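Please work through the exercises below with the sequence and the model side by side, trying each task before reading its solution.

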Amino acid sequence: PAGKQTIWVPAAAMQPTISNGCAIRTQFAPAHEDGPDGDVLDFDKDADENAQFVIAFPKMWNLGTITYQVFWIGVAATTGVTWGLQGVSMGDGVTIDLAYGTAVTVNDSAQGDTEKTLVSPVSGAVTIAGSPADDYTTYFRIHRDVSPSHDDMAGDARLVGVKIFYTTDAANDD
């Protein structure tokens with residue numbers, strides 16, 4: 001049935017942007033050697049840094065706004081981070097020289113331990129620039145926004161991945 005759907009985008013599927021990019025993908029391992037290793041992108045505390053990824057949405061996407069949720073690890077114990085996401089769609093024969101839409105931010109706080117996975121609240125609506133249509137690719141840029149007072153964590157924020165929520169208006173892509 002039509003309705004809300006989810007796409008998981010792990011940090012391993014993202015890359016730092018050329019301009020103001022975050023650190024390159026790195027692996028982490030928990031203190032307990034039998035625990036899972038993982039891939040993260042580190043976002044600095046001193047400047048806004050970006051990563052990007054691309055999705056080809058299914059045709060059943062209603063081409064409307066999306067929301068997102070950030071999964072991350074903090075390196076400081078009890079402080080906040082602000083994440084932002086923006087997107088732009090382009091199709092066959094469309095220039096890639098398009099501007100991203102307006103970034104929508106979400107605040108989250110660390111929970112007292114540097115080895116905890118943290119999950120942000122779901123964001124507000126993100127409008128995709130570039131007039132999305134079927135068979136378009138949508139580029140996303142995620143960033144750590146260090147300027148708001150909520151982002152006061154004194155160290156890197158380690159991005160694990162992002163859930164993208166979108167709405168469908170059909171049961172399949174036929």
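The exercises that follow concern backbone angles and the nonpolar core of a predicted model.

**Exercise 1.** Determine where Leu 63 lies and whether Leu 63 counts as buried, partly exposed or exposed.

*Solution.* Begin with the place in the chain: Leu 63 belongs to the loop that runs between β5 (49-55) and β6 (67-74). Next, take the relative accessible area, which is 35% for Leu 63; because buried means under 20% and exposed means over 50%, Leu 63 is partly exposed. Finally, look at the backbone, where Leu 63 has a positive phi of about 70 degrees although it is not a glycine. This deserves a remark, because most residues other than glycine have a negative phi.

**Exercise 2.** Carry out the corresponding steps for Asp 135.

*Solution.* Asp 135 sits in the loop between β9 (117-119) and β10 (137-144). Its relative accessibility is 58%, so Asp 135 counts as exposed. The phi of Asp 135 is positive, at about 65 degrees, although this residue is not a glycine.

**Exercise 3.** Describe the largest nonpolar core and find which strand gives the largest share of it.

*Solution.* The largest nonpolar core has 33 residues, and those with the most contacts inside it include Trp 72, Trp 83, Ile 142 and Leu 159. Several strands supply at least two residues each, among them β1 (4-10), β7 (80-90) and β10, while the largest share, 5 residues, comes from β11. As a last step, follow Ile 142, whose contacts, leaving aside residues up to four places away in sequence, include Phe 43, Val 70, Trp 83 and Leu 159.

Note on methods
Residues are numbered from 1 along each chain as its sequence is written. This is a predicted model: local features need pLDDT of at least 70, side-chain atom pairs count only at pLDDT 80 or more; totals for chains, interfaces and linings use all residues. Side-chain values use heavy atoms; hydrogens and water are left out. Helices (H or I, at least four residues) and strands (E, at least two) are DSSP runs, numbered from the N terminus. Buried means under 20% relative accessible area, exposed over 50%, partly exposed in between (1.4 Å probe, protein chains only). A nonpolar core is a set of buried Ala, Val, Leu, Ile, Met, Phe, Trp, Tyr and Cys residues joined through side-chain atoms within 4.5 Å. Contact means heavy atoms within 4.5 Å.
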